[in-house]
Amino acid sequence: MHQSSWKSRRHRRRGHRHSAWFRPHGSNERQDAGAQQSPQGSSDGHGEAPSTSSTAGSSSVPDLPGYYFDPEKKRYFRLLPGHNNCNPLTKESIRQKEMERKRLRLLEEEEQQGKKIARLGFNASSLLQKSKLGFLNATSYCRLAHELRVSCMQRKKVQIQSSDPSALASDQFNLIMADTNSDRLFTVNDVKVGGSKYGIISLHGLKTPTFRVHMHENLYFTNRKVNAMCWASLNHLDSHVLLCLMGIAETPGCATLLPTSLFVSNHAAGDRPGMLCSFRIPGAWSCAWSLNIQANNCFSTGLSRRVLVTSVVTGHRQSFGTSSDVLTQQFAVTAPLLFNGCRSGEIFAIDLRCQNQGKGWKATRLFHDSAVTSVQILQEEQRLMASDMAGTIKLWDLRTTKCIRQYEGHVNEYAHLPLHVHEEEGIMVAVGQDCYTRIWSLHDGQLLRTIPSPYPTSKADIPSVAFSSRLGGAQGAPGLLMAVRQDLYCFSYS
């Protein structure tokens with residue numbers, strides 16, 4: 001009897017200690033985070049949200065299923081299901097808050113710290129000293145010098161002049177694309193009333209300290225989405241822009257060759273503007289213009305389970321059936337090959353000498369684990385860079401069909417994002433789904449720079465960038481252009 005009552009009292013004391021641990025936050029007591037007192041249990045009928053990691057808090061703070069630890073207020077908060085509450089605390093809102101805090105911190109660091117170091121123990125004086133002592137050859141010295149200057153680039157806002165300033169204040173940049181000589185920038189802008197319009201920005205005035213450019217007026221307006229675009233050299237180098245437009249309602253999709261001479265003030269007086277050419281090609285995901293002599297004046301379009309190669313002069317088409325949607329394309333210049341990246345993760349090359357009825361037109365096959373969003377052939381055409389929707393960037397050896405290097409840090413889950421490879425400077429640039437622009441070293445895959453967006457992270461505000469070794473023409477300096485919302489920014493070497 002005595003033993004039974006002793007066990008009962010011990011059980012009640014233990015229950016009292018547990019009830020203190022499970023005390024709800026609804027009371028007026030303030031809980032100390034060091035004591036780790038948090039409401040694990042609840043009699044609420046609502047289903048609890050999955051556990052969320054308290055990444056911003058101390059490592060000693062445990063993760064509790066259905067609760068979020070706020071490091072500023074030093075207490076736990078319940079993740080609500082989102083109904084019967086005017087301001088629900090959700091996993092997505094917490095993630096966005098943490099990302100915005102990180103972005104603001106990086107922007108502050110960019111403004112305060114004028115010069116950054118891409119590699120540990122790497123600066124201008126040590127680089128020059130190693131070069132004088134013979135530890136670096138000319139190629140390595142130039143590559144490391146570019147890496148150093150990339151890490152020191154500072155953001156400057158570009159002033160855009162136009163005959164219609166009100167449009168500049170309302171139209172938002174969607175895509176930008178620099179031409180071969182980097183003295184023009186083709187832009188696709190989303191207009192406020194719906195649809196898109198095109199423009200060409202002259203980069204000749206892009207010089208310190210003013211950074212002033214002029215947007216040439218354009219005569220063409222379309223309410224159709226631009227799926228893909230590239231420069232086309234029909235009459236001369238970059239004489240046209242090839243656009244793949246999505247179809248709407250009863251209007252089918254098409255591929256359009258837009259002459260740059262159609263833009264007001266973009267051609268000399270007395271010159272006759274070129275002719276707009278359209279090809280009825282519905283549902284094109286990608287496009288590429290051929291500079292190969294064996295496919296002269298031809299362009300390709302990647303469709304759903306099909307690749308079309310079209311001659312602009314004769315209108316003749318070659319069709320190649322595929323097993324998946326073709327999301328990205330690029331022609332080789334010396335070899336008669338067209339490289340394609342598919343939604344299935346396959347990368348294959350089409351031998352343009354083979355007829356579409358043959359079975360041996362697939363010259364090379366590589367494989368990613370996710371949908372391939374960009375392929376870039378390197379200059380010697382023995383290596384290929386590819387990225388996919390899993391955030392993976394790989395450098396492939398086309399002779400052995402093996403991956404020789406992988407570049408870490410890119411963020412992508414669903415977006416169709418391009419790569420920008422620049423071998424002269426030895427760098428690669430890519431914008432992630434998280435709106436961060438990252439720059440890597442081509443030589444060893446080192447992440448040299450991470451540039452935050454000037455605006456909060458949003459699916460609708462992913463920056464569009466263009467890097468060039470000569471911004472503004474032959475006398476220009478290397479730099480990066482970034483377009484986001486209504487603004488254009490320049491990150492220049494000088």
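Q: Why is Cys-342 called buried in this predicted model?
A: Cys-342 has a relative accessible area of 1%. Buried means under 20%. The value of 1% falls under that cut-off, so Cys-342 counts as buried.

Q: What makes Ser-324 buried rather than exposed?
A: The relative accessible area of Ser-324 is 8%. The limit for buried is under 20%, so Ser-324 is on the buried side.

Q: Where is Ser-324, and which residues does Ser-324 touch beyond four places in sequence?
A: Ser-324 lies in the loop between strand S17 (317–321) and strand S18 (326–331). Its contacts are Leu-303, Arg-305, Cys-342, Arg-343 and Ser-344. One of them, Cys-342, is itself buried at 1%.

Q: Why is there no disulfide between Cys-230 and Cys-287?
A: A disulfide is a covalent bond between the sulfur atoms of two cysteines. The pair must lie within 2.5 Å to count. The sulfur of Cys-287 is the closest cysteine sulfur to that of Cys-230, but the gap is 3.9 Å. That is too far for a bond, so this pair does not qualify. The structure holds zero disulfides.

Q: Is Cys-230 buried or exposed, and what decides the label?
A: Cys-230 has 12% relative accessibility. Under 20% is the rule, so Cys-230 counts as buried.

Q: How do you know that the length of helix H4 agrees with its residue count?
A: Helix H4 covers residues 138–151, which is 14 residues. At 1.5 Å a residue, the expected span is 20 Å. The end C-alpha atoms are 20 Å apart, so the two values agree.

Q: Which residues of H4 are buried?
A: They are Ser-140, Arg-143, Leu-144, His-146, Glu-147, Leu-148, Val-150 and Ser-151.

Q: What makes S14 and S17 the edge strands of their sheet?
A: The sheet is open, with four strands in the order S14-S15-S16-S17 and antiparallel pairing. Strand S14 (286–289) and S17 each pair on one side only. Neighbouring strands of this sheet are turned by 15° against each other on average, direction ignored.

Q: How do you know that strand S15 and strand S16 pair?
A: Pairing needs at least two bridges. Strand S15 (residues 298–303) and strand S16 (residues 306–311) have six, in the antiparallel sense. The requirement is met, so they pair. One of the contacts is Cys-298 with its bridge partner Ser-311 in S16.

Q: Why do S1 and S2 count as paired?
A: Four bridges join S1 to strand S2 (residues 75–78), and the two run antiparallel. The minimum is two, so they count as paired. Phe-69 stands opposite Tyr-76 in S2. The hairpin has four residues between the strands, and there Lys-74 takes a positive phi near 55°.

Q: What makes both faces of strand S1 covered?
A: In a regular strand the side chains alternate between the two faces of the sheet. Tyr-67 and Phe-69 are on one side of S1 (residues 67–70), and Tyr-68 and Asp-70 on the other. All four are buried.

Q: Why is the pair of Phe-186 and Trp-231 called edge-to-face?
A: The model has six aromatic pairs. In this one, the rings are 6.3 Å centre to centre, with 75° between the planes. A pair needs centres within 6.5 Å, and edge-to-face needs planes over 60 degrees apart. Both conditions hold, so the label is edge-to-face. Phe-186 is in strand S6 (residues 184–190) and Trp-231 in strand S10 (residues 226–232), 45 residues apart.

Q: How do you know that Phe-186 and Trp-231 are buried?
A: Phe-186 is at 0% relative accessibility, and Trp-231 at 11%. The cut-off is under 20%, so both are buried. Phe-186 and Trp-231 also belong to one aromatic cluster with Tyr-198 and Phe-263.

Notes:
Residues numbered from 1 in each chain as written. Predicted model: local features only at pLDDT ≥ 70, side-chain atom pairs only at ≥ 80, totals over all residues. Heavy atoms only, no water. Buried < 20%, exposed > 50% of the residue type's maximum accessible area, 1.4 Å probe, protein only. Contact = heavy atoms within 4.5 Å. Expected span 1.5 Å × (residues − 1). Axes fitted to C-alpha atoms, helices over the stretch in contact; angles between N-to-C directions. Phe/Tyr/Trp six-rings, centres within 6.5 Å; stacked < 30°, edge-to-face > 60°.
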